[in-house]
Amino acid sequence: MTVERLLLSGDDAVALAALHAGVRLGTGYPGTPSTEILETFDQLGGRAQWSPNEKVALEVGIGSAFAGARTLVTMKHVGLNVAADALFTAAYTDVEGGLVVVSADDPGMASSQNEQDNRHYARAAALPMLEPSDSQQAYDFTWLAFEISERWKIPVILRLTTRICHAKTVVRPRPALQTLPEPHFKRDVPARVMIPAYAKPAHLRLRRKLAEIAAWNEAEGPFELHEGDPKLGIVATGIGAMHAREAAPDATHLSFGLTYPLPIERLRAFADRVERLVVIEEGDPVLVDSLRAVGLPAEGKPEMYRFGELNVERVRRILANDTSPEAVPPKGKPPELCPGCSHRGVFETLRDLDCIVSGDIGCYTLGVLPPFSAMDTCVCMGASIGVGLGLRHVLPEEQARRVVSVIGDSTFVHSGLTGLAEMVYNPPPTGHLVLILDNGTTAMTGQQEHPGTGRLLDHSATNLLNFEETARAMGVQNVHVIDTTSLKDDSLRDLITNLLACNETSLIVTRQPCVLAAPKIRLYEKANAEQRAATCAADLVD
Amino acid sequence: MKVKNVVIAGLGGQGVLKASDILADAAFRAGFDVKKSELHGMSQRGGSVSSDVRYGEGILSPMVPPGEADVLVVLEETQVEINRPTLRAGGVLIAPDVLAPEALKNKKSLNVALLGAASTVLDIADEHWIAAMHANLAEKLHTLNEQAFEIGREAARARGLS
């Protein structure tokens with residue numbers, strides 16, 4: 001046995017591959033199911049950092065790749081929407097070091113607000129996409145993604161899904177790279193400055209790159225053929241390939257890893273050798289439509305299977321063309337705000353005041369459930385402020401005065417800051433009230449740091465973004481900070497009532513650490529204080 | 001070897017994921033192919049949570065198909081009926097009532113105790129269970145958890161589960 005055998009989640013496999021492939025910088029924003037990639041990369045000794053949001057993470061990543069460094073940028077599927085502006089133009093540029101963007105999709109919405117299928121982004125942004133079907137492939141395709149990225153100087157999307165990210169399977173890693181080029185800035189303006197004069201040829205260049213990558217995919221791209229009965233041929237990608245092989249062990253199976261641009265000729269050859277051609281894919285009919293577009297007689301799945309995850313049983317049903325109603329699994333217990341959460345009182349107060357609550361993403365979304373039932377809207381990260389302002393602008397005054405925006409601390413930094421700027425710039429006639437429920441961590445995804453905690457991804461000390469000072473400097477008229485442990489009286493209730501009655505812009509920061517994170521936060525702070533003290537002492541000796 | 005399907009279920013915070021990590025690691029150390037699948041996120045906030053572990057030769061899907069679990073371990077009585085559809089006919093159900101009410105000194109080791117009960121119907125050698133527990137649990141808890149594992153195992157044997 002010369003090859004080490006490991007049991008790794010897909011996330012951990014990507015992190016290990018990033019380390020072995022010589023990634024110099026990993027950036028991202030935490031989001032289930034992608035979060036553990038950077039955390040593991042950090043624990044393995046890689047250089048990883050959380051950015052305020054996915055767009056910034058990708059921008060930092062683009063710069064790092066321009067400098068010739070292999071770079072990994074991670075996010076969940078909805079995060080790619082935030083990063084999309086940067087992504088689409090990054091596609092036109094020539095990246096010097098490999099740039100791999102992870103999109104961790106969540107079919108079935110285990111913990112997300114939609115189940116968008118990010119395969120559409122590969123086509124829309126014209127970027128190659130690799131889709132592994134287990135941890136071994138997650139490891140191998142991370143390497144491959146860097147190789148493709150550098151060979152064609154193009155960002156590559158590595159699309160994972162929940163059952164890849166959080167499934168542990170056996171991985172045999174390969175030896176780590178020993179030498180890597182040193183980052184170095186080489187001026188190449190036409191390849192990096194996308195003014196129209198340079199962007200027009202860049203688009204042509206991008207399409208040429210894609211054509212070359214497609215040819216490479218035909219000739220030597222990653223694919224697996226499992227010979228079986230030619231009566232049934234199944235084409236599948238990602239986790240769907242695993243379900244399909246188990247559901248129809250006797251069929252002939254083709255699965256492939258580089259799912260954009262497609263190896264069409266290979267698929268055509270496969271179609272020619274089987275009698276019935278079925279496409280098994282989770283989510284939208286992306287692959288089946290592509291096959292039909294080139295005239296292949298591919299069968300897709302009935303519309304009912306577009307929703308939620310696939311599993312072996314559902315694939316059996318798809319193959320049998322069974323559209324009878326599926327058994328409804330018994331309802332589990334829904335999640336809830338933690339019993340000891342110090343911010344529960346805020347939702348109780350908003351409920352008692354009959355506020356119209358424009359909510360946001362994170363633990364606090366759980367304020368929508370009983371016993372609070374204190375949330376009326378929730379769209380995406382940061383939307384609480386913009387949506388609240390929109391409600392305020394058009395509702396009759398009596399209702400407008402009841403509108404409150406509620407947002408968590410990490411989410412506020414992610415995309416609430418620009419909402420606050422909008423509130424200062426376009427205040428509704430009745431003013432507006434924003435509440436930042438600051439629990440000192442990114443709680444929902446497992447207690448990650450953010451610019452408002454004053455600690456880095458590895459929990460060491462850094463500068464702190466002060467919300468109340470920022471809001472004052474931005475021009476918010478009334479700024480208040482409340483420690484929720486002192487909420488034994490009606491002070492919060494009275495404050496909210498007063499602010500709702502005036503026509504000014506207001507921010508209340510309710511502050512108390514997450515009950516789950518507090519013990520760890522105390523440890524980090526103690527360690528950081530000791531480190532700071534040690535540094536000062538060293539300075540004095542100097 | 002035929003694929004062995006195990007589902008571990010309970011509420012967020014009970015150690016469902018930790019228990020499935022230990023089982024997957026034990027099967028891995030025993031030399032089997034292993035796949036383990038779970039859902040994170042919202043489920044960590046006290047809601048229902050479950051984790052699938054499959055081991056044997058050449059595992060494909062990481063999820064146990066409905067009605068195909070050989071063993072279902074449930075850490076919370078209210079979650080038994082919700083998860084029963086995952087169990088195959090003749091499959092083994094292991095729930096807290098396997099244990100005597102005051103059997104455990106520390107309720108937090110319930111996950112490991114029920115894993116001990118499950119171990120009586122899973123073909124994994126003791127040394128792999130011990131190694132997996134040591135690899136996945138804090139060192140100061142090793143003795144406590146080994147005891148809990150043994151308590152669960154004895155209880156299961158006394159009840160004739162194995």
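Ten residue pairs, both members at pLDDT 80 or more, are in polar contact between chain A and chain B in this predicted model. On the chain A side of this interface, two or more residues come from each of strand 1 (6-9), helix 7 (162-165), strand 8 (167-171), helix 10 (239-247) and helix 13. Helix 10 of chain A provides the largest share of that side, namely five residues. Sorted by class, the side of chain A that touches chain B comprises 18 nonpolar, eight polar and 13 charged residues.

The contact between the chains involves 39 residues of chain A and 34 residues of chain B. About 3,100 Å² of area is buried between chain A and chain B, and carbon and sulfur atoms give 62% of this area. Three salt bridges were counted between chain A and chain B. A salt bridge pairs A:Arg316 with B:Glu68, with a separation of 3.2 Å between the closest N and O atoms.

Over all chains, the structure holds 45 salt bridges. Among them is a pair within chain A, in which A:Arg205 and A:Asp94 have their closest N and O atoms 3.7 Å apart. This salt bridge links distant parts of the chain, the two residues being 111 residues apart. A:Arg205 belongs to helix 9 (residues 196-220) of chain A, whereas A:Asp94 is located in the loop between helix 4 (77-90) and strand 5 (99-105) of chain A.

Pockets were examined next. The volume of the second largest pocket is about 1,700 Å³. Its lining consists of 41 residues, and those closest to the pocket centre are A:Arg163, A:Pro329, A:Pro330, B:Leu39 and B:Ser50. At least two lining residues are supplied by each of helix 13 (312-319) of chain A, strand 3 (48-56) of chain B and helix 2 (80-83) of chain B. Strand 3 of chain B contributes the most to this lining, with four residues. The lining of the second largest pocket divides by class into 19 nonpolar, 13 polar and nine charged residues. Helix 13 of chain A thus appears both in the lining of this pocket and among the elements on the side of chain A that touches chain B.

Enclosed space was also identified, with six cavities of 30 Å³ or more in the structure. The largest cavity has a volume of about 90 Å³. Of the 14 residues that line the largest cavity, A:Cys338, A:Cys341, A:Cys363, A:Asn439 and A:Cys514 lie nearest its centre. Ten residues of this lining are nonpolar, three are polar and one is charged.

The second largest cavity contains about 60 Å³ of space. Its lining is formed by A:Arg119, A:Glu131, A:Arg159, A:Thr161, A:Thr237, A:Gly238, A:Ile239, A:Gly240, A:Glu281 and A:Glu282. Strand 7 (156-161) and helix 10 of chain A are the elements that give two or more residues to this lining. In the lining of the second largest cavity, one residue is nonpolar, four are polar and five are charged. Helix 10 of chain A therefore has a place in the lining of this cavity as defined by the DSSP runs, and helix 10 also supplies five residues to the side of chain A that touches chain B.

Backbone geometry was considered last. Most residues other than glycine have a negative phi, and most peptide bonds are trans. A cis peptide bond joins A:Thr32 to A:Pro33, with omega at about 10 degrees. A:Pro33 is placed in the loop between strand 2 (25-28) and helix 2 (36-43) of chain A. Another cis peptide bond, with omega of about 5 degrees, connects A:Pro370 and A:Pro371. The loop between strand 15 (356-358) and helix 15 (383-394) of chain A contains A:Pro371. A:Ala126 is not a glycine, yet its phi is positive, at about 60 degrees. This residue, A:Ala126, is situated in the loop between helix 5 (119-125) and strand 6 (129-130) of chain A.

Methods:
Residues are numbered from 1 along each chain as its sequence is written. Chains are lettered from A and ligands numbered from 1 in the order in which they are written. This is a predicted model: local features need pLDDT of at least 70, side-chain atom pairs count only at pLDDT 80 or more; totals for chains, interfaces and linings use all residues. Side-chain values use heavy atoms; hydrogens and water are left out. On a 1 Å grid over the protein atoms alone, a cavity is a set of points where a 1.4 Å probe fits but cannot get out, and a pocket is an open set with protein on both sides within 12 Å along at least five of seven lines; lining residues have an atom within 4 Å of a point. Grid points are joined across faces, edges and corners, and a volume is the space filled by probe spheres set on the points. Ala, Val, Leu, Ile, Met, Phe, Trp, Tyr, Cys and Pro count as nonpolar, Asp, Glu, Lys and Arg as charged, and the others, Gly among them, as polar. Contact means heavy atoms within 4.5 Å. Buried area is the accessible area (1.4 Å probe) that two parts lose on being put together, summed over both. A salt bridge is a side-chain nitrogen of Lys or Arg within 4 Å of a carboxyl oxygen of Asp or Glu. A polar contact is a pair of N or O atoms within 3.5 Å; within protein, one must be able to donate a hydrogen and the other to accept it, and residues adjacent in sequence count only if both atoms are side-chain atoms.
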